[in-house]
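Colleague: I have just opened this one and don't know my way around yet. Could you walk me through it?

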Amino acid sequence: MTDRIPASGPQPDPYNALLARLRSQQVPFSVMWELTHRCNLRCVMCYNVPTGRRELSTDECLDVLAQLAEAGTLRLTFTGGEILMRRDFFAIAGRARALGFALDLKTNGVLITPAIAEQIADLDPVELDLSLLAATPERSDAIMGGRDTLPAILRAARLLRERGVRVRFNTLLLDLNLSEREALLDLAARFGVYYQQTFKISPGDDGNRRAECHQLSVEAMAAVLAADRTPLRTLDCSPDGRTCLVGLASCLIAPDGIVYPCVELRIPAGDLRRQRFAEVWAAAPILRQLREQHVRANLSDCRACALADCCEGRCAGLAWKEHGDPYAGHTLACWHAQARYLERHPGQAIPETSYLARQKGGRR
Ligand code: SF4
Ligand code: SF4
């Protein structure tokens with residue numbers, strides 16, 4: 001990785017150049033913070049598992065914010081649980097904005113009233129993600145485990161758009177909502193919001209795989225990719241290439257102040273009730289190990305996979321949750337790669353990936 005800008009020729013995008021420089025200097029420029037695991041809904045695919053540990057208090061949160069600013073964090077994502085379940089949310093988010101962080105907010109939107117929309121607009125978030133899981137009221141309630149969820153989410157989108165907030169609908173495609181995909185796209189267009197969809201069902205934070213029964217098949221994913229013509233995001237297949245930047249420039253803070261490498265890889269890096277953030281970031285063994293070792297040459301399955309050029313979803317955290325090894329392949333990424341292959345080579349036999357072949361062979 002380089003932070004040098006060429007003297008001539010096309011100039012890189014200044015934001016990407018800044019990110020590359022911060023990454024090369026291992027500045028924690030992006031932090032995701034789960035402010036609470038409490039939630040007003042019970043989504044079927046929720047991965048949060050309450051730990052029973054006390055959430056950071058308002059004062060502790062404000063102190064952590066100051067530490068993040070000192071450490072060079074620029075982008076801060078507040079998520080949950082449901083962020084609005086915290087009565088002090090606007091005290092925390094307001095301080096974050098005053099400290100100059102660029103804020104991203106993730107909420108299910110159901111609790112957003114005109115007054116709350118006004119307060120959110122005052123925060124001027126870079127983006128606000130609203131979970132949208134169905135286009136019909138009954139199905140939305142069934143998936144989200146609440147009442148009148150769809151009208152509430154759409155009302156939130158309208159209130160926020162009226163106040164100039166950049167809103168994105170975030171949809172996890174499941175067997176339960178696949179038939180409503182076109183209607184979901186129409187809703188996004190009608191409300192003038194961005195739309196993002198994913199196939200990734202995460203195992204629970206404790207490794208439970210209850211939601212996996214709702215995972216789309218390879219064929220269903222291929223059909224969605226073909227219909228959407230989503231461009232393939234090829235990964236860097238060089239020996240020192242990385243499938244993601246885990247450990248380099250971002251991390252996750254859980255409600256109780258435990259720091260993890262990211263939302264999926266829940267190997268504790270430190271505890272902000274006992275340590276300063278800068279100390280955790282610089283010295284945590286798991287973060288140091290990822291920085292040094294999370295490169296393709298060390299990915300036992302992926303470095304020689306026949307489908308590597310179709311693989312765009314490999315996730316160290318999901319691999320770790322599946323079998324305890326963050327450096328191996330994992331089922332969902334392999335299925336996703338097979339779906340990509342099928343989309344690009346319709347009718348052809350789908351090649352086996354290294355990881356799936358190893359699983360079938362029973363070798364570990
Ligand atoms: S083994 Fe699976 S996760 Fe690894 S490169 Fe191949 S498709 Fe991707
Ligand atoms: S390990 Fe997975 S969740 Fe974590 S940063 Fe990488 S791709 Fe994202």
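Modeller: We can go through the sheet, the core, the ligands and a few backbone details in turn, keeping in mind that this is a predicted model.

Colleague: Fine, sheet first. In what order do the strands come?

Modeller: The open sheet is formed by 9 strands in the order β6-β5-β4-β3-β2-β1-β7-β8-β9, and the pairing is mixed. At its edges stand β6 (194-198) and β9 (270-271), each of which has a single partner strand, so one side of each is left without a neighbour in the sheet.

Colleague: And what holds strands together in a sheet?

Modeller: Strands of a sheet pair through backbone hydrogen bonds, and they can do so either parallel or antiparallel.

Colleague: Take β3 and β4, then. In which sense do they pair?

Modeller: Strand β3 (residues 102-107) and strand β4 (residues 127-131) pair in the parallel sense over 4 bridges. Leu105 has Leu128 of β4 as its bridge partner, and Lys106 stands opposite Asp129, also in β4. Between these two strands the chain passes through helix α4 (residues 114-123), and this β-α-β crossover is right-handed.

Colleague: Is β4 mostly covered or mostly open?

Modeller: Strand β4 is mostly covered, since 4 of its 5 residues are buried.

Colleague: What about β5, how does that fit in?

Modeller: Strand β5 (residues 167-172) is parallel to β6 and joined to it by 5 bridges, with Phe169 standing opposite Tyr195 in β6. β4 and β5 also run parallel and are joined by 4 bridges, and here Leu128 stands opposite Val167 in β5. Together with helix α7 (residues 181-191), strands β5 and β6 make a right-handed β-α-β unit.

Colleague: Now the core. Which residues touch the most other members of the largest nonpolar one?

Modeller: That core has 92 residues, and Val64, Leu130, Ile153, Ala156, Ala157, Leu160 and Ile253 touch the most other members. If residues up to four places away in sequence are not counted, Ala157 touches Leu130, Val167, Phe191 and Val193.

Colleague: Switching topic: which residues come nearest to ligand 1?

Modeller: There are 14 residues around ligand 1, and Cys302, Cys305, Cys311, Gly329 and Ala337 come nearest. The elements giving two or more residues to this shell are α12 (331-344) and α13 (354-361), and the largest share, 3 residues, comes from α12. By class, the shell has 9 nonpolar, 3 polar and 2 charged residues.

Colleague: And which residues are around ligand 2?

Modeller: Around ligand 2 are Cys244, Val246, Cys262, Val263, Glu264, Leu265, Cys315, Ala316 and Gly317, and by class this shell has 7 nonpolar, 1 polar and 1 charged residues.

Colleague: Last thing, the backbone. What should I look at there?

Modeller: As background, most residues other than glycine have a negative phi, and most peptide bonds are trans. In this model, a cis peptide bond joins Gly80 and Gly81, with omega about 15°, and Gly81 is found in the loop between β2 (75-79) and α3 (89-98). Gln26 has a positive phi of about 50° although it is not a glycine, and Gln26 is found in the loop between α1 (14-24) and β1 (30-34). Asp148 also has a positive phi, near 55°, and is found in the loop between α5 (137-144) and α6 (149-162).

Colleague: Why is Gln26 called partly exposed, and Asp148 exposed?

Modeller: Gln26 is partly exposed because 15 other C-beta atoms lie within 10 Å, a count between the limits of 12 or fewer for exposed and 20 or more for buried. Asp148 is exposed because 12 other C-beta atoms lie within 10 Å.

Technical notes
Residues are numbered from 1 along each chain as its sequence is written. Chains are lettered from A and ligands numbered from 1 in the order in which they are written. This is a predicted model: local features need pLDDT of at least 70, side-chain atom pairs count only at pLDDT 80 or more; totals for chains, interfaces and linings use all residues. A residue is near a molecule or strand if its C-beta atom, placed from the backbone, lies within 6 Å of it. Ala, Val, Leu, Ile, Met, Phe, Trp, Tyr, Cys and Pro count as nonpolar, Asp, Glu, Lys and Arg as charged, and the others, Gly among them, as polar. Two strands pair if DSSP finds at least two bridges between them. A nonpolar core is a set of buried Ala, Val, Leu, Ile, Met, Phe, Trp, Tyr and Cys residues joined through C-beta atoms within 7 Å. Two residues are in contact if their C-beta atoms, placed from the backbone, lie within 7 Å. A crossover is right-handed if, with the strands pointing away from the viewer, the path from the first strand over the helix to the second runs clockwise.
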